[in-house]
Amino acid sequence: MTLDPTAKFPDFLSQADVDALNAGTHPDPFGVLGPHKSGTRRWITTYQPDATEVIATVAGKSTPLKRLGGAVFSAPVAGKAYTLTMRFADGTEHTTPDPFAFDPILTDFDQYLLGEGSHKELWRVLGAHVVSHQGVDGVHFAVWAPNAQRISVVGEFNHWDGRRHPMRPAGQTGVWEIFMPDVGEGDLYKYEIAGANGVVALKADPVGFGSEHPPEKASVVRDISGYGWKDDNWMKERATRADRASPISIYEVHLGSWRRRYDDGGRPLSYKELARDLVAYVKFMGFTHIELLPISEFPFDGSWGYQPVGLFAPTIRFGPPHEFRDFVDAAHAAGIGVLLDWVPGHFPTDPHGLATFDGTHLYEHADPREGFHQDWNTLIYNYGRREVKNYLVSNALYWLEEYHLDGLRVDAVASMLYRNYSRQEGQWVPNKDGGTENYEAIAFLQEMNTATYGADPSIMTIAEESTSFPAVSKPVHTGGLGFGYKWNMGWMNDTLRYFEYDPIHRQHHQDLITFGIHYAFTENFILPISHDEVVHGKGSMLEKMPGNEWEKFANLRAFYGFMWTHPGKKLLFMGCEFAQPEEWNHNGELNWGAADQPAHKGIQKLVQDLNTLYRNTPALHVKDCDPDGFTWLNGDPEQSTLGYVRYGEKDDASVVIMCNFTPVERSHFRLGVPEAGFWEEVLNTDAEIYGGGNRGNFGGVETTDVSADGYPQSLEMTLPPLSVVIMRQGHKP
């Protein structure tokens, strides 16, 4: 270590301090670096590796600092505002304000909320914020790591040297902060954390707004302020779009594989390109919402986003944050809502992520029976820790507020609700009452729903929950979890099983397709045909259907006809709308070539027309979640026929649906209906335009005074093979 024997130490600085600064182990660097008084004089001390000379300039007057030892320089300097100029052996020099000369930014109130674990706008105080502080432009960094021995911001701006810019603790909050002048938008950074376990690790920012493109791991400074939203009208009106009485038909999308630019290396579309192309397509198809598979930054493409590291960063794969906002804004301009698949259930073990963040099990449970997810080799959040719960709740609020998202679909809720989820005896820890329910996760979900709906009742939250856990979509104040909607996994599994049977066997399994009505109104359900049904060897929707090629398409048309007329909101994964022949592959784009073939185009046209009919026919949506909106009609298991009525409000025309799930045409079929008069055939899945045989009822049927199915009047209909016929009460055209 180079020493200056003539150098005089100020009284706040000792040789031990100098040694610790050079080693990067000083427990309180802000206590010695920057401006400090010694006696009646004000000294400036700085740590500048590789500098041959350091000069402090105050009001135009320059004062050389003396080397006290190693890279520590210090001298008495008159004046307050100053810059430091470092000169190097190669003749270059660099002038900058001193980060250690600036006051803390976090307010006492912020510190109080952070310490309490109740700061619902965590992203406004943690992370990297481009700000002007004490008249100087720079970035304020703040991170929660209560058990760390030291934390430094590192980046290209300081040669990734953790000794240069250690952070200061913000009171007793466990948060560390520093203001860095001359750092700005686009700069890469990480936190170098000397953990409680003695290990020094480089970590991405848990509240960072941007990341490098994977597989690189640095966070990126992103200024997310100042976006000029143009969606005021949408935001004012969207409450009606999320209501249980509204038509909700969701197109689920994996942005990386919807379309690719094979004229540009096979890359996926950017947010800006998606704002043009995907939004236009969804509008053309008549869906009301787009649901995005997770876009919070994630390291591994094969996880589809379900193992996120950067919960506050829209993935850079498709563009920076403002361009994601461009996508949302464009969707809103087109009258389409945007939902985000949100993953608070687990996180990956990647070393730059949250795992053992400050050298302790900070975000995750220490006990692997509580903290390790065996199915996905991931870590489980410690929902009982108030700061962790606050981190997740504030993240939900962040996406809704900063990106104007219209709702969150919460992934893998069942895995959160039960301590023994997918675990054998002895592999899990009971709750305090000896049971399987995860009380802490339940409380977190309730708080998340209370906070999001409390902030804006016009949003929606949706639970992917596959068990019979009660009251998932009931209000928290009544004991429910507080979600707006729940995926109806039981309906999905049973209906797919039914359709996978050869029609000759369906008569023995009619309960699979009727049982769902017994619980259809216990929750606010969405009927999901999601990405999970067309991966991992499950085949495409078309491949699931039995029979020859014509029968496969007819079965799929009948399936969609049944789905769109069954109580419940709708969700369909991309590619299923045109019967993609193969299962989904995230490494390529959808098979758009197939979409141009007549049979596939027919399925696409059917989904488009079903969406239009669903939106424009109140009886098909206003009572999706109300038992008063549904009544069974003729059902003959031996013929695999099924009929039902959908009702709207008092003055809404009723709709009769008749299904024939065999490849046998039923002519002169007698069906009792609730009202006399003309019933218009508004959709027939066997229509030629959809690829069918064009067998049907010539636009509609007049009732006759022949009683059937408990009604005094009935229709004599033709039921085409493997079809769904939809009749609406009305007038002759």
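Glutamate 680 counts as partly exposed at 24% relative accessibility, where partly exposed lies between buried (under 20% relative accessible area) and exposed (over 50%), taken with a 1.4 Å probe on protein chains only. Its partner arginine 728 is also partly exposed, with a relative accessible area of 23%. The two side chains meet in a salt bridge (3.8 Å, N to O), a term for a side-chain nitrogen of Lys or Arg within 4 Å of a carboxyl oxygen of Asp or Glu. Arginine 728 lies in strand 38 (residues 723-730) and glutamate 680 in strand 35 (residues 678-684), so the pair ties together parts that are 48 residues apart in sequence. Strands (E, at least two residues) and helices (H or I, at least four) are DSSP runs numbered from the N terminus.

This is a predicted model, in which local features need pLDDT of at least 70 and side-chain atom pairs count only at pLDDT 80 or more, while totals for chains, interfaces and linings use all residues. Residues are numbered from 1 along each chain as its sequence is written, and side-chain values use heavy atoms, with hydrogens and water left out.

By the salt-bridge rule the count comes to 43. Glutamate 273 and arginine 267 form one of them, with the closest N and O atoms 2.9 Å apart. Glutamate 273 is buried, with a relative accessible area of 12%, whereas arginine 267 is partly exposed at 26%. Lysine 432 pairs with aspartate 433 at 3.6 Å, and both of these residues are exposed.

Arginine 267 is also in contact (heavy atoms within 4.5 Å) with arginine 260. Arginine 260 sits in strand 18 (residues 260-261). What is the nearest side chain of opposite charge to arginine 260? That side chain is aspartate 301, 6.6 Å away, and arginine 260 is buried yet has no salt bridge. Here Lys and Arg count as positive and Asp and Glu as negative; His and the chain ends are not counted. The side chain of arginine 260 does reach the backbone oxygen of glycine 256 at 2.7 Å, and that of asparagine 587 at 3.5 Å.

Alanine 170 is found in the loop between strand 12 (168-169) and strand 13 (175-181). Because its relative accessibility is 2%, alanine 170 counts as buried. Not counting residues up to four places away in sequence, alanine 170 touches Leu106, Gln111, Val175 and Glu177. Alanine 170 and threonine 107 are 63 residues apart in sequence and 9.2 Å apart in space, C-alpha to C-alpha.

Note on methods:
Polar contact = N/O pair within 3.5 Å; in protein donor to acceptor, adjacent residues only side chain to side chain.
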